[in-house]
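Here are a few exercises to work through with the model open beside you. Try each one yourself before you read the solution.

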Amino acid sequence: MGGTITGLTASLTLQLNGSERLTRSANGAFTFQTEFENQSSYTVALTTPPDDQECTLQNASGQVNGADVTNVQVTCVQNTHSLGGTVTGLNGSLQLRLEGGETLTVNGSGPFTFKAQFTSGHIYAVSLVAQPKGHRCTLTNGNGTVSGDVTALAVQCSPEFRFDTFASAIRVLGQSDFTLGATNQGEFTPSATTMDGPAGNAVFQGGKLYVSDVGSNRILGFDGLPSENGASASFVLGQPDLTSATASTARGGLSGPYGLSSDGTRLAVADASNNRILLHQALPTGTAPLPDLVLGQEGFDTANGACTASGLQAPGAVSLAQGKVVVADTFQHRVLIWNTVPTINGAPANLVLGQTSFTSCAGNDPNGDGTPDGTATASTLFFPEGVWTDGTRLAVSDSSNNRVLIWNQFPTTNGQPADLVIGQPDFTSRTAATTSSRMNSPTGLSATGQQLFVADTENSRVLLWNAWPTANGQPANTVLGQPDFISRNRGDPSSGTRPSGRSLYQPRGVSLAAPHVVVTDTDNNRVLVFESQ
């Protein structure tokens, strides 16, 4: 009883009728020792397959018919293995190239696998074709030798924006084209496509874009990042419908909402004229949802300003990150910090910056005597209008001091001085100017943790630092909204007042959604969407 083995590269074991075992490690003929009487039944099975091979048996069972059985055929082939891994942190697409083979396009974060299959021992090399828009990606484990399915390729992406000075936006919201800028497009009442002085940082999270339409006392919600100019909002917060604009102190109402923030799960709203922060525990997806929590007030039916640990007055910005809540309490010249997200209405803050105590609320008042000083210090604020944190670092737009203060380690004590200042050469200067290293009433700001964007409002521009500032007065690298660092034009061309896709007029918010940057171009009554290179 026997046959032939082909394609074998390792060793295998065959078994005859569940009894005799035969191990072979080479191709060629094989014969079992057991002999059979005529008409006896036989079955040959593969009990131990060779490493990294698949073997098939033909003519492996039957009856002896008056002669030796020699036609049992064992055919082995090498296993093939997949090559892939995981992409993290990508919002968009990238291409990976397999040396000598295919190019694979990967859309978004998640697992990926090349179509090609490989046998053990194959040496592979994978590379990034190019950096995707608005990201910096690194590939690890891109080279190796196949010994099984490869799943260890890892592409880690993080936002990295690349813009030329005076870059043009790709999209406008609130106006039908880039050359228009009228309040509510010239109409008396708002609609799903109009805006009235949008301000503060927008939020793009959970597939929704949220924009504070300040003059209409509402937040517009868009499904996705719109792909057409003048797109209609899908839903609204603060109003019963998309044509209402009444200010309200009610739980579902808004009055002059400014900055927004999200930690990926929640949405926080700086409801400025109601002197409160509203917190939605889940990202709203429809019209007129009710917030779950309020800070700055003991309940949803009051709007009092107070200089206390739990009071607010015209907060202009809020930032949620790593379980912390940071609020620019603008008209009380301070920043309030909750070290954990509160669970009760009106919860007091844990920390105050810009003041010596929770009951001091004058601007530039380092000694807390209630009288503003003429100069600034590293520990004072004067109408702060923007905050950003990643839970480790903190940046504050100190608007009327014409600067941004930076804490490289998250503050832990009341009145803690900043580590760094940009927009001014030192902590005591506060003069407005239009250069690459000076500012004029900065408001909204956002960061990736490496790059920093600041809406330099009165200079009608957005400034970009391509690396986290490390020196006082460090100049910006790129400017959006102006042709250079010394211009502060309202329109484009500079001799007029008409806007364009690359001009800005007193923007008050900038938010990041790689590869896009969303700018609230306040006095042009629109939102511009820029796309990174």
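**Exercise 1.** Find the loop that holds G207, and decide whether G207 is buried, partly exposed or exposed.

*Solution.* Start with the strands on either side: G207 sits in the loop between β18 (203–205) and β19 (208–213). Please keep in mind that this is a predicted model. Next, take the relative accessible area of G207, which is 38%. Buried means under 20% and exposed means over 50%, so G207, at 38%, is partly exposed. Then look for its partners: leaving aside neighbours within four places in sequence, G207 is in contact with F222, D223 and G224. Finally, try a distance: from G207 to Q53 the C-alpha atoms are 46 Å apart, with the two positions 154 residues apart in sequence.

**Exercise 2.** Do the same for C307: which loop is it in, and which residues does it contact?

*Solution.* The loop between β25 and β26 (317–321) contains C307. Its relative accessibility is 24%, so C307 counts as partly exposed. Beyond its neighbours within four places in sequence, C307 is in contact with Q332, R334, F358, T359, S360 and C361. For a long reach across the model, go from C307 to L12: 295 residues apart along the chain, their C-alpha atoms are separated by 83 Å.

**Exercise 3.** A288 and N525 have a positive phi; find where each residue lies, and whether it is buried or partly exposed.

*Solution.* Take A288 to begin with. Its phi is about 55 degrees, although A288 is not a glycine. A288 belongs to the loop between β24 (276–280) and β25 (293–295), and its relative accessibility of 36% makes it partly exposed. Now turn to N525. This residue is not a glycine either, and its phi is positive at about 55 degrees. N525 is in the loop between β39 and β40 (526–531). With a relative accessible area of 7%, N525 is buried.

**Exercise 4.** Locate the cis peptide bonds that lead into P493 and P515.

*Solution.* Step one is the bond joining D492 and P493, which is cis with omega about 15 degrees. P493 falls in the loop between β37 (478–480) and β38 (509–513). Step two is the cis bond joining A514 and P515, where omega is about 10 degrees. P515 is placed in the loop between β38 and β39 (516–521).

**Exercise 5.** Now zoom out: what are the domains of the chain, and why is the chain described as more spread out than a compact globule?

*Solution.* First, the division: domain 1 covers 2–78, domain 2 covers 80–159 and domain 3 covers 169–531. The centres of domain 1 and domain 2, taken over C-alpha atoms, are 41 Å apart. Second, the secondary structure: the chain has zero helices and 40 strands. Third, the spread: for 533 residues the globule rule gives 24 Å, but the radius of gyration is 33 Å, well over that value, so the chain is more spread out than a compact globule. Its C-alpha trace spans about 115 × 50 × 45 Å along the principal axes. Last, the burial: buried residues account for 54% of the 533 residues.

**Exercise 6.** How many positive and negative side chains are there, and how far apart do the centres of the two sets lie?

*Solution.* Count the two sets: there are 26 positive and 40 negative side chains. Then compare their centres, which lie 6 Å apart.

Technical notes
Residues numbered from 1 in each chain as written. Predicted model: local features only at pLDDT ≥ 70, side-chain atom pairs only at ≥ 80, totals over all residues. Heavy atoms only, no water. Domains from an automatic or database assignment. Helix = DSSP H or I, 4+ residues; strand = E, 2+ residues; numbered from the N terminus. Rg over C-alpha atoms; globule rule 2.2 N^0.38 Å. Buried < 20%, exposed > 50% of the residue type's maximum accessible area, 1.4 Å probe, protein only. Lys, Arg positive; Asp, Glu negative; His and termini not counted. Charge placed at Lys NZ, Arg CZ, Asp CG, Glu CD. Contact = heavy atoms within 4.5 Å.
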